[in-house]
Amino acid sequence: MWHPWAKSTVRIHTASPNKNFSCSSFKDIQHICKDETEAQIPKKSSIFHRVRIATAVLRSWSAQAAQQEESYEASALEEPLTPSEPLISIPGAETRIVVYLTSLRVVRSTFEDCRAVRSILRGFRVSMDERDLAMDSGFLEELQGILGQTKLTLPRVFIRGRYIGGAEEIKHLNEIGELKQFIEGLPAADAGVCDMCGGYRFILCHECNGSHKCYSEKDETVGFRSCTGCNENGLVRCPSCSSMPV
């Protein structure tokens, strides 16, 4: 049989509780840890403060951009734009403006550029020779020979026989006031419209009546031949208001 449990005579001494000790609850410990963490992490700036800083930076950038633009415009006014180099000129055109353009509306941007340049130059009311490539394809070969290029864009402007440029150059010169200096002193244009051509600067050929074909019975060749006195459209330049090609 099992022996009955005997009561132990060993006395266990337990420390008496300290009256000054106080145990904090779990919530108090969590609160203390949270306070320490928040003390270590710096507080983020408010949204209004950040917006204020961004606005100040944008204003400073805008002021710098405006100053750079003003300095650029001032330098552009001090240094006048000169025609493109190398120097290209048309002999015998020192007293007028020569413009190579087109009246066809096939390419709208080209037509708009030609119309804008012609309107600007006509506003000065000086002598101007308009050479429309749509009226005479010979002007294209003439312009290619002058510039030494096969692929060309229109319009092309010559003032006092000197090549100035295309639409962009004329518009820019007109905006900054330099175009007036190039044109100043040229003879004034005739008032009104030409009675012979009505302002078109071309008239019908008298030999073929505009058909560009002539009947010939000379030599052994009998029949129609191409008229040599006009262009492919059966037109000749108006002798009253148009200058002959150089």
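## A guided tour of the predicted chain

Start with the whole protein chain, coloured by secondary structure: from the N terminus on, its elements run α-α-β-α-β-α-β-β-α-α-β-β-β-β, which gives six helices and eight strands; helices (H or I, at least four residues) and strands (E, at least two) are DSSP runs, numbered from the N terminus. This is a predicted model, in which local features need pLDDT of at least 70 and side-chain atom pairs count only at pLDDT 80 or more, whereas totals for chains, interfaces and linings use all residues. Residues are numbered from 1 along each chain as its sequence is written, and side-chain values use heavy atoms, with hydrogens and water left out.

Next, colour by pLDDT, the predictor's confidence in each residue, from 0 to 100. The protein chain averages 77, and 65% of the residues score at least 70. Select residues 75–85, where the pLDDT is below 50; beyond near neighbours in sequence, this stretch has 13 contacts in the model, a contact meaning heavy atoms within 4.5 Å.

With the surface switched on, the protein chain exposes about 18800 Å², of which carbon and sulfur atoms supply 55%; accessible areas come from the Shrake-Rupley method with a 1.4 Å probe, and for residues only the protein chains shown count as cover. Buried residues make up 26% of the 246 residues in the protein chain, where buried means under 20% relative accessible area, exposed over 50%, and partly exposed in between (1.4 Å probe, protein chains only). Among contacts between residues at least 6 apart in sequence, 67% join residues at least 24 apart.

**Helix α3**

Now select residues 108–122, the 15 residues of helix α3, which at 1.5 Å a residue should span 21 Å, in agreement with the 21 Å between its end C-alpha atoms; the expected span is 1.5 Å times one less than the number of residues. Show the side chains of Phe111, Cys114, Val117, Ile120 and Leu121, the buried residues of α3, which pack against β1 (97–101), β2 (128–132), β3, α5 (167–176) and α6.

Staying on this helix, select Arg115 and Glu112, whose side chains meet in a salt bridge (2.8 Å, N to O), that is, a side-chain nitrogen of Lys or Arg within 4 Å of a carboxyl oxygen of Asp or Glu. Both residues lie in α3, three residues apart, about one turn of the helix. Arg115 is partly exposed at 40% relative accessible area, and Glu112 is partly exposed at 29%.

**The salt-bridge network**

By the same rule the count comes to eight salt bridges. Select Arg131, which meets Asp129 at 2.9 Å, N to O, and Glu142 at 2.3 Å, N to O. The pair of Arg131 in strand β2 and Glu142 in helix α4 links distant parts of the chain, 11 residues apart. Arg131 and Glu142 are both buried, and Asp129 is buried as well. Adding Arg96 and Arg237 to the selection completes a network of salt bridges with Asp129, Arg131 and Glu142.

**Backbone stops**

Move to Leu154 and Pro155, which are joined by a cis peptide bond with omega about 5°; Pro155 is found in the loop between α4 (138–147) and β3 (156–159).

Then select Arg201, in the loop between α6 (179–183) and β5 (202–204), where phi is positive, about 70°, although the residue is not a glycine. Arg201 counts as buried, at 17% relative accessibility.

Finish at His212, in the loop between β5 and β6 (213–216). Phi of His212 is near 65°, a positive value in a residue other than glycine, and His212 is buried, with a relative accessible area of 18%.
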